[in-house]
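Colleague: I would like to go through the bound ligands and a few local features with you. Could you show me the sequence and the structure before we start?

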Amino acid sequence: MKKIIVDNLKYRYPSAQELALKGISLEIEKGQFIGVIGPNGAGKSTLCQALVGLVPHFYHGAYGGSVVVGGLEVLKSEISALALKVGLVFQNPFTQVTGAKLTVYDEVAFGLENMGLDRAEMIERIDRALTLLDIYRYKDRNPFDLSGGQMQRLAIASIIAMKPQIIVLDEPTSQLDPQGSEEVFRAVDKLKSEGMTLVMVEHKIEKIAEYADKVALLSGGELVDFDRPIRVFSRPDLERFGVAAPVYTRICRDLKIKDEKTGLYPITLEGAVAAVGSLE
Amino acid sequence: MNSSIVVEDLHFAYNKGEEVLKGISLVFDRRSTAIIGQNGAGKTTFAKLLKGLLKPDSGSISIKGIDTKNTTAAGLSRHIGLIFQNPNDQIFKSNVLDEVMFGPLNIMKEEKRARDLALGALEKVGLVNELEQNPYDLTLSQRKLIAIASVLAMDTEIVIFDEPTIAQDHRGKEMIKGIIRELVGMGKLVLTIMHDMDFVAETFERTIVFSQGQVALDGSTREVFTQEELLKKAGLERPHVTRLGAKLGCSHTFLTAEEFVSFAKKSDHRGG
Ligand SMILES: Nc1ncnc2c1ncn2[C@@H]1O[C@H](COP(=O)(O)OP(=O)(O)OP(=O)(O)O)[C@@H](O)[C@H]1O
Ligand SMILES: Nc1ncnc2c1ncn2[C@@H]1O[C@H](COP(=O)(O)OP(=O)(O)O)[C@@H](O)[C@H]1O
Ligand SMILES: [Mg+2]
Ligand SMILES: [Mg+2]
């Protein structure tokens, strides 16, 4: 079942001359985890905003083509209706946190308030999300008194607690410590196995290589490639689009060691270990 | 040697009874230095204390012989520059050039010179074509670069970067690496807070690990990344290439892909 259908999407911000998205088409199946990569200015965040309807409903500007998420056509749907189907973790957590609530706990509750949940269900979801992101102990703290990474954890927890069918995450681990990032990827993997559909913009290429089902490579507002990670990261012209291949791939390429089965350079730690075999 | 930053038994709490920094003693020298550690470990708090934006509860910080307790952040600003983790906390002007000129103008009161410094800094971060833009119409990665340029324009002897590579793509990261190396080459004291272990391994001589308000490890970057267990306890991981070497059973702690490749080529040779 298709959860996201983007058809020839074109978009220009009101203050801009150039299109930020120049005719993007892609389809995403239910229960998939899609990694979105590309250099700064490629249109990754704009695509995220288009999936949740902030483009065009909040930003306005020129819009063409169509986006259907969870069965709703974005252009014809209210942001509030879309929000029940698809959640967005913002690139900058400071812009996501509402400022309307005085505690971390209430900030997470805020998103759940209009969902018609009973109290017990609400409490259970909040506790679970805060625990998953390891910030339960800060539940009574003012969100703006958190460290950057803790704030980013809060932004992710707020969306996960809403349990939408689709979650879009825009560089959600940029301020997380290494174990925190790994935990977010594991959580994404688990949500996926429960049937959720996830789209994540990330510069942590090694993690995308390990976890994503497919990778969308954006550059200059165009979709350059949309394929399995091994395919995308094997492109010899990857660097031309402002993306470095995983370090494992770069090493194996320099050593001219390919994976025997696929005939391609490995993209993960396990793959590289198997291909290199042993040193000394 | 007369070190520019000496920290002795530093304690700090935002709220009584919840100490965030629990006795930090460090002397910084001219080695390029990274500070790494779990979210909430106290890295940003430490940077704000060095900059004089917060005052120690006890212990002391001396910046070029000046005790931060006896001066204001403004008084320190010609010596020490801090690039904030969140650029929105730092940027307040409505055009890029004004923002970057603000600092230098404030210390030297000389428009022409301040403008030159600002343009030079914006050149370094690749934003000279955005002078008239409102920073809030730019993307997060660009705002972060504006924040960096603002501090570079001050030409301070001490520069602290708080997570400079947030939101940067591959090219942006390489550019920031170049800027850090250049500042170190100029003899400045550069401290960088960072979660990107590969970047740390490739760039810094000395690495300090913060854990729950204390210094858990401090040494050459290679020594620090040898300590797998301690790093794990501190919420960290080793760089990708270090893990690859370890998985392959190699006793050497690799810090860069280049190191690994040249080692592998040599050992291949020996093997025949
Ligand atoms: N204004 C504040 N009021 C109360 N507590 C605060 C405040 N700012 C930070 N803290 C707390 O102090 C501790 C250290 O915060 P700090 O911002 O220094 O962490 P950090 O190491 O920079 O983390 P990160 O990697 O997430 O940026 C955290 O537990 C945080 O919740
Ligand atoms: N609010 C905005 N107003 C005008 N232009 C914007 C805005 N946000 C982004 N852009 C422009 O749209 C293009 C794509 O940006 P973005 O989607 O943020 O890229 P990415 O997330 O891939 O770095 C860039 O040229 C950027 O400058
Ligand atoms: Mg973006
Ligand atoms: Mg911080």
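Colleague: Which residues come nearest to ligand 2?
Modeller: Keep in mind that this is a predicted model. The shell around ligand 2 holds 13 residues. Those that come nearest are Gly41(A), Gly43(A), Lys44(A), Ser45(A) and Thr46(A).

Colleague: Which chains surround ligand 2?
Modeller: The site is shared between chains, because more than one chain gives residues to the surroundings of ligand 2. The two are chains A and B.

Colleague: Which residue has a side-chain N or O atom 2.5 Å from an oxygen atom of ligand 2?
Modeller: Let me go through the polar contacts one by one. The side chain of Tyr13(A) has an N or O atom 3.5 Å from a nitrogen atom of ligand 2, and a backbone N or O atom of Ala42(A) is 3.1 Å from an oxygen atom of the ligand. The contact you ask about, at 2.5 Å from an oxygen atom of ligand 2, belongs to the side chain of Thr46(A).

Colleague: How much of the accessible area of ligand 2 does the protein cover?
Modeller: On its own, ligand 2 has 560 Å² of accessible area. The part covered by the protein is 77%.

Colleague: How many residues of the shell around ligand 2 are charged?
Modeller: Happy to split the shell by class. It has 5 nonpolar and 7 polar residues. The number of charged residues is 1.

Colleague: Moving to ligand 1, which residues come nearest?
Modeller: Ligand 1 has 21 residues around it. They come from chains A and B, so this site is shared between chains. The nearest are Arg141(A), Ser147(A), Gln150(A), Lys43(B) and Thr45(B).

Colleague: Which residue has a polar side-chain atom 2.5 Å from an oxygen atom of ligand 1?
Modeller: There are contacts from both the backbone and side chains to sort through. Gly149(A) places a backbone N or O atom 2.8 Å from an oxygen atom of ligand 1, while the side chain of Thr44(B) has an N or O atom 2.7 Å from an oxygen atom of the ligand. The polar side-chain atom at 2.5 Å is that of Arg141(A).

Colleague: What share of the accessible area of ligand 1 does the protein cover?
Modeller: The starting point is the 640 Å² of accessible area that ligand 1 has on its own. Of that, the protein covers 90%.

Colleague: Which elements give two or more residues to the shell around ligand 1?
Modeller: By class, this shell has 4 nonpolar, 13 polar and 4 charged residues. From chain B, strand 1 (5-15) and helix 1 each give two or more residues. From chain A, the element is helix 7 (148-161).

Colleague: Which residues are the protein donors of the magnesium ion, ligand 4?
Modeller: The donor atoms are an OG1 and an OE1, lying 2.0 to 2.2 Å from the ion. The residues are Thr44(B) and Gln85(B).

Colleague: How many residues apart in sequence are the parts tied together by this pair?
Modeller: Thr44(B) sits in helix 1 (residues 43-50) of chain B, and Gln85(B) in the loop between strand 6 (80-83) and helix 3 (96-108) of chain B. The pair therefore ties together parts whose separation in sequence is 41 residues.

Colleague: Is Gln85(B) buried or exposed?
Modeller: Its partner Thr44(B) counts as partly exposed, at 22% relative accessibility. Gln85(B) has a relative accessible area of 10%, and the cut-off for buried is under 20%. So Gln85(B) is buried.

Colleague: How many disulfides does a search of the whole structure find?
Modeller: Cys252(A) is in no disulfide, and the nearest cysteine sulfur, that of Cys250(B), is 15 Å away. A disulfide needs the sulfur atoms within 2.5 Å. Over all chains, the number found is 0.

Colleague: Which peptide bond is cis, with omega near 10°?
Modeller: Most peptide bonds are trans. The proline of this cis bond, Pro56(A), lies in helix 2 (residues 54-57) of chain A. The bond runs from Val55(A) to Pro56(A).

Colleague: Where is Ala167(B), with its positive phi near 70°?
Modeller: Most residues other than glycine have a negative phi. Ala167(B) is buried, with a relative accessible area of 3%. Its place is the loop between strand 7 (158-162) and helix 6 (170-185) of chain B.

Note on methods:
Residues numbered from 1 in each chain as written. Chains lettered and ligands numbered in written order. Predicted model: local features only at pLDDT ≥ 70, side-chain atom pairs only at ≥ 80, totals over all residues. Heavy atoms only, no water. Donors = N, O, S within 2.8 Å, 3.2 Å for Na, K, Ca; no water. Helix = DSSP H or I, 4+ residues; strand = E, 2+ residues; numbered from the N terminus. Buried < 20%, exposed > 50% of the residue type's maximum accessible area, 1.4 Å probe, protein only. Near = heavy atom within 4 Å. Polar contact = N/O pair within 3.5 Å; in protein donor to acceptor, adjacent residues only side chain to side chain. Areas by Shrake-Rupley, 256 points an atom, 1.4 Å probe, with all protein chains shown as cover. Nonpolar A, V, L, I, M, F, W, Y, C, P; charged D, E, K, R; others polar.
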